[in-house]
Amino acid sequence: MSIWWSLHLRREAASVPLARRLLLGAMETAGVDPDICYDLSVALSEACANAVEHGGDVTDDYRVTVYIDGDTCRIEVTDSGPGFGPAAPPHTAADRALPPVPVPAPAQAPGYAEDGRGLFLIEALTDHVQYRNRTGRTGAVVSFDKILKWREGAALPLAS
């Protein structure tokens, strides 16, 4: 069985725990192993926090889309910010004033850094991560996959 859902959230700090709790509730209801639920919830929290902090104008929203297909979960977080690297064209005059965000390197942030650990955590907690710019518009897409493990008697794999 395959399921998916999408959330459109305001770029404000309160949206991060909301997205995390919705993901956790859906995963727990479907019967996903608690350790996998935790890993995905932390990765999602980090991606949402980045969208809130770097995702464009304060009036913009961002989108979280979750796909469960068989034993794989894919999560995408899409914002309207400057995107990654110089390939992201400026959207407005205000965007032109902002330097493009460089494509993230997989290396860990220094231990003393206040910021910069989110992308490292996403990479450490998931099986595959992709960073890209939105097609035809400004913004970034962070997507990550994780192979799911199920609790004994889980509802979703039984529905297949």
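**A colleague's note on the sheet and its helices**

1. A good place to begin is in the middle of the sheet: Ile75 stands opposite Phe144 in E5. Please keep in mind that this is a predicted model. Ile75 lies in strand E3, residues 72-78, which is joined to E5 by seven bridges, with the two strands running antiparallel. A second pair to look at here is Glu76, whose bridge partner in E5 is Ser143.

2. How much of E5 is buried? Strand E5 covers residues 140-147, and seven of its eight residues are buried, leaving the strand mostly covered. E3 is also worth a look: five of its seven residues are buried, so the rest of the structure largely encloses this strand.

3. On another side of E3 you will find E2. These two strands run antiparallel and are joined by seven bridges. Within this pairing, Ile68 has Cys73 in E3 as its bridge partner. The hairpin of E2 and E3 has two residues between the strands, and Gly70 takes a positive phi near 65° in it.

4. Now for the pairing of E5 with E4. Strand E4 spans residues 128-133 and pairs with E5 in the antiparallel sense, over six bridges. Tyr131 is a handy marker, with Val142 as its bridge partner in E5. Six residues lie between the strands in the hairpin of E4 and E5, where Gly136 takes a positive phi near 75°.

5. Which strand order does the open sheet have? Its five strands follow the order E1-E2-E3-E5-E4, with antiparallel pairing. At the edges are E4 and strand E1 (2-10), each of which pairs on one side only. From one strand to the next, the twist averages 15°.

6. Two helices deserve a mention against this sheet. Helix H1, residues 15-30, packs on the sheet and touches E1, strand E2 (61-69) and E3. The direction of H1 makes about 165° with that of E1. H4 packs on the sheet as well, touching E4 and E5, and the direction of H4 makes about 140° with that of E4.

7. H4 has a helix partner too. Helix H2 (residues 34-54) and helix H4 (residues 118-125) pack with their axes 9 Å apart, at an angle of about 150°. Angles over 145 degrees count as roughly antiparallel, and H2 and H4 are therefore roughly antiparallel to each other. Their crossing is left-handed.

8. Which residues of H2 meet H4? From H2 come Asp39, Val42, Ala43, Glu46, Ala47 and Asn50, and they meet Gly118, Leu119, Leu121, Ile122 and Leu125 in H4. Sorted by class, this contact of H2 with H4 has seven nonpolar, two polar and two charged residues.

9. If you have time for one more look, I would go back to E5. This strand pairs with E3 over seven bridges and with E4 over six, and H4 touches E5 while packing on the sheet. Seven of the eight residues of E5 are buried.

Definitions and conventions
Residues numbered from 1 in each chain as written. Predicted model: local features only at pLDDT ≥ 70, side-chain atom pairs only at ≥ 80, totals over all residues. Heavy atoms only, no water. Axes fitted to C-alpha atoms, helices over the stretch in contact; angles between N-to-C directions. Helix = DSSP H or I, 4+ residues; strand = E, 2+ residues; numbered from the N terminus. Parallel < 35°, antiparallel > 145°, perpendicular 65-115°, else oblique. Left-handed = near helix turned anticlockwise from the far one by under 90°. Contact = heavy atoms within 4.5 Å. Nonpolar A, V, L, I, M, F, W, Y, C, P; charged D, E, K, R; others polar. Buried < 20%, exposed > 50% of the residue type's maximum accessible area, 1.4 Å probe, protein only. Pairing = 2+ DSSP bridges.
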